[in-house]
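Welcome, and thanks for opening the viewer. Let's walk through this one together, from the whole chain down to a pair of packed elements.

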Amino acid sequence: TLIGMAISRINTLSPDQIHEEMVAARMEQHREFHSTHRLASGQIRNVAVYSGPVTRGGRVLLNSIIHDETEQVRLEKELRRSNAELEQFAYAASHDLREPLRMVGSFVGLLSRRYGPKLDDGGRELLAFAEDGAKRMDRMILDLLEYSRVGRFERPMRPWPLQELIGNALRMLSVTIGETNAVVTVQPDLPMVIVNLEEMVRAFTNLIGNAVKYHRKDISPLVSISAEI
């Protein structure tokens, strides 16, 4: 219990700091602060203190509600450590993945230049899909590499035709759609949206990909895409 203990024995701040906090709270200049408190057992706990003045019998007193946030502080520290490790892993993985992807893109480009003229329209279309897929994967890896370097950052957003974003996603899913005999219908004259291109295409790719992937084996999936304003 803390009953009977002086605030200077409970709060681990210096006496001057405690006085400043109490004056600010009494004048309603600062109603919340975070500190550490020492229990009667000697254990140190992280606390959030919410204080404000109350009048009792003509006297202005300071009323404080103390919330133990030790576990929250511990989890936040653990999350920051985990995020730092994840960002380091993302940097290493994205950096290492670019080299084999560049090799794949290089060989696909070589095949296209050397044998493209000899292929029929179907063959050239498959090569184009492979080239486009390699370029998109490289863009995604570069995004991951950039994210791992600077942490969370705001991606540029600008108006994009929704039809174009969905078209990009459908091109990435063309093989899966063909293998499942899926039928995807897209409402014409879709509106413009203000988004980040890469993130929105990725979102549509995931959504449409899941719709195509999870279906009964004896039924071809039907996917309808529309928008309401």
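## The whole chain

Begin with everything selected, and keep in mind that this is a predicted model. Among contacts in the protein between residues at least 6 apart in sequence, 59% join residues at least 24 apart.

Now switch to a cartoon view and colour by secondary structure: you will find seven helices and seven strands. Trace the chain from its start, and the elements come in the order α-α-β-β-β-α-α-β-α-α-β-β-α-β.

Next, show the surface. About 16,100 Å² of the protein is exposed, and 57% of that is supplied by carbon and sulfur atoms. Colour by burial instead, and 26% of the 229 residues show up as buried.

## Two helices that cross

Hide the surface and select residues 162-172, helix α5, together with residues 197-213, helix α7. How do their axes meet? They come within 8 Å and cross at roughly 55°. The angle falls between the limits of 35 and 65 degrees, so α5 and α7 are oblique to each other. Turn the view to look along the line joining the helices, and you can see that the crossing of α5 past α7 is right-handed.

Now add side chains. On the α5 side, display Leu162, Leu165, Ile166, Asn168, Ala169, Leu170 and Met172; the residues they meet in α7 are Leu197, Met200, Val201, Phe204, Thr205 and Ile208. Which kinds of residue make up this contact? Eleven are nonpolar and two are polar, with no charged residue in the contact of α5 with α7.

Technical notes: Residues numbered from 1 in each chain as written. Predicted model: local features only at pLDDT ≥ 70, side-chain atom pairs only at ≥ 80, totals over all residues. Heavy atoms only, no water. Helix = DSSP H or I, 4+ residues; strand = E, 2+ residues; numbered from the N terminus. Buried < 20%, exposed > 50% of the residue type's maximum accessible area, 1.4 Å probe, protein only. Contact = heavy atoms within 4.5 Å. Areas by Shrake-Rupley, 256 points an atom, 1.4 Å probe, with all protein chains shown as cover. Axes fitted to C-alpha atoms, helices over the stretch in contact; angles between N-to-C directions. Parallel < 35°, antiparallel > 145°, perpendicular 65-115°, else oblique. Left-handed = near helix turned anticlockwise from the far one by under 90°. Nonpolar A, V, L, I, M, F, W, Y, C, P; charged D, E, K, R; others polar.
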